[in-house]
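Biologist: I'd like to learn how to read a model like this one, feature by feature. Can you put it up and walk me through it?

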Amino acid sequence: MRVLLIGANGYLGRFVADRLLADPAVQLTALGRGDDADVRFDLATGSPGALTRFLDAVHPGVVVNCAGATRGGARELTRHNTVAVATVCEALRRSGCGARLVQIGCAAEYGPSQPGSSTAEDAVPRPGGPYGVSKLAGTELVLGSGLDAVVLRVFSPAGPGTPAGSPLGRLAEAMRRAMQSGDGELKLGGLGVQRDFIDVRDVARAVHAASLSAAQGVINIGSGRAVRLRDTAAVLARVAGYGGALHELDGPPGHVRPVVGHPRNDPDHAAPLAYPYPDGCGSWQQADVRTARDRLGWRPRINLEESLADIWMEAACRI
């Protein structure tokens, strides 16, 4: 099976590439903006015609699109998450390769959910910010393209390679700095949100399964369990061996809630604040993952503690 992977040098794309390369039946070609791509092509500025000519030359059976942007203004997000997807869809329509498209979407497309609920694929999307809007527009382009296509809506990815600027990455970095400087107290904000964390390696397995399946439409990829970020911080402290006190700076002004450990009566030694999720999804998200189980034969295998241990390993090695 010849697979064209777009965005192989990104956070998710690197693990998808590793998973596909581990399959001896897959012949992988990477397309992207970086020098390490087999073919350099910028979806945000390249023309559908140029991409069509490449598709006709390579003739892949599957195209996996992991490219996109998570940060920036509305214009940049639209260019990388919507216009780029339009380019892929138009090129596939023009090409004679007949490739299947596996598009990586995200849970931010759904927006806020009712606490305690599990979000299924038939939920009405109400994204709460420009990122979710730009990703939802890309999903709608794929679903309306008439192509053999599936969109994997990935919930909150975690594990090795987690960007230092992400909420879990910032949390690990704040803890590393506290341990490095000997601070016995770490004050953190935004720990009240609950998210469905899924390891990036499990996401890569889902992409592989979707590439081989005939499933179409939208499929959620998550653990099926929402975890409060304050509980995640406590697990990370245990994994890291941090014996200080974690305090949550949520609630009314001046309110400090202990998370773990014993308080130290010295506010001058508070470590940097970790900020809440800027994804527009409110206080709660939890995936209904029955479709992934039934149509892809996929279930998550890696637990959150293992994902956090990998995040901490990388943070602890950072100079």
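Modeller: Let's begin with the vocabulary: helices (H or I, at least four residues) and strands (E, at least two) are DSSP runs, numbered from the N terminus. With that in hand, Thr291 can be placed in helix H8, residues 290–296. Two things to keep in mind: this is a predicted model, where local features need pLDDT of at least 70, side-chain atom pairs count only at pLDDT 80 or more, and totals for chains, interfaces and linings use all residues. Residues are numbered from 1 along each chain as its sequence is written, and side-chain values use heavy atoms, with hydrogens and water left out.

Biologist: What does Thr291 touch, once its neighbours within four places in sequence are left aside?

Modeller: Contact means heavy atoms within 4.5 Å. By that rule Thr291 meets Glu121, Ile219 and Leu296. As for Asp202, it sits 89 residues from Thr291 along the chain, and their C-alpha atoms are 15 Å apart.

Biologist: Let's zoom out. How many helices and strands are in the chain?

Modeller: Nine helices and 14 strands. For the overall dimensions, the radius of gyration is taken over C-alpha atoms, and the globule rule is 2.2 Å times the number of residues to the power 0.38. A compact globule of 319 residues would come out near 20 Å, and the chain has 20 Å, so the two agree. Along the principal axes, the C-alpha atoms fill a box of roughly 70 × 40 × 35 Å.

Biologist: What share of the residues in the chain is buried?

Modeller: Here buried means under 20% relative accessible area, exposed over 50%, and partly exposed in between (1.4 Å probe, protein chains only). Buried residues make up 54% of the 319. On the contact side, take those with a separation of 6 or more: residues 24 or more positions apart account for 81% of them.

Biologist: Now a strand. Where is Leu31, and is it buried or exposed?

Modeller: Leu31 belongs to strand E2, residues 27–32, and it counts as buried because its relative accessible area is 2%. Not counting residues up to four places away in sequence, Leu31 touches Leu4, Leu5, Ile6, Gly7, Ala37, Val39, Phe41, Leu51 and Phe54. Ala30 is in E2 too, and at 12% relative accessible area Ala30 is buried. With the same sequence neighbours excluded, the partners of Ala30 are Leu5, Ala8, Ala37, Asp38 and Val39.

Biologist: How should I read a helix?

Modeller: An α-helix has 3.6 residues a turn, so residues three or four places apart point the same way. For length, the expected span is 1.5 Å times one less than the number of residues. Helix H4 (130–143) has 14 residues and reaches 20 Å from first C-alpha to last, close to the expected 20 Å. Its buried residues are Gly132, Ser134, Lys135, Leu136, Gly138, Thr139 and Val142.

Biologist: Which elements do the buried residues of H4 pack against?

Modeller: Helix H3 (74–94) and strands E5 (100–106), E6 (149–154) and E11 (217–221). Compare H5: 15 residues, with a reach of 21 Å that is close to the 21 Å expected. The buried residues of H5 include Pro167, Leu168, Gly169 and Leu171, and the buried set packs against E7, E8 (185–188), E10 (197–199), H7, E13 (245–248) and helix H9 (304–317).

Biologist: What follows H5?

Modeller: Gly182, with a positive phi near 75 degrees. Helix H7 (229–240) is likewise followed by a glycine, Gly241, whose phi is positive and near 75 degrees.

Biologist: Which residue has a positive phi although it is not a glycine?

Modeller: His59, at about 55 degrees. It lies in the loop between helix H2 (48–58) and strand E4 (62–65), and its 44% relative accessibility is why it counts as partly exposed.

Biologist: One more loop, then. Is Gly159 buried or exposed?

Modeller: Gly159 is buried, at 0% relative accessible area. It is found in the loop between strand E7 (156–158) and helix H5 (167–181). Leaving aside neighbours within four places in sequence, Gly159 contacts Tyr11, Asp199, Ser307, Asp310 and Ile311.
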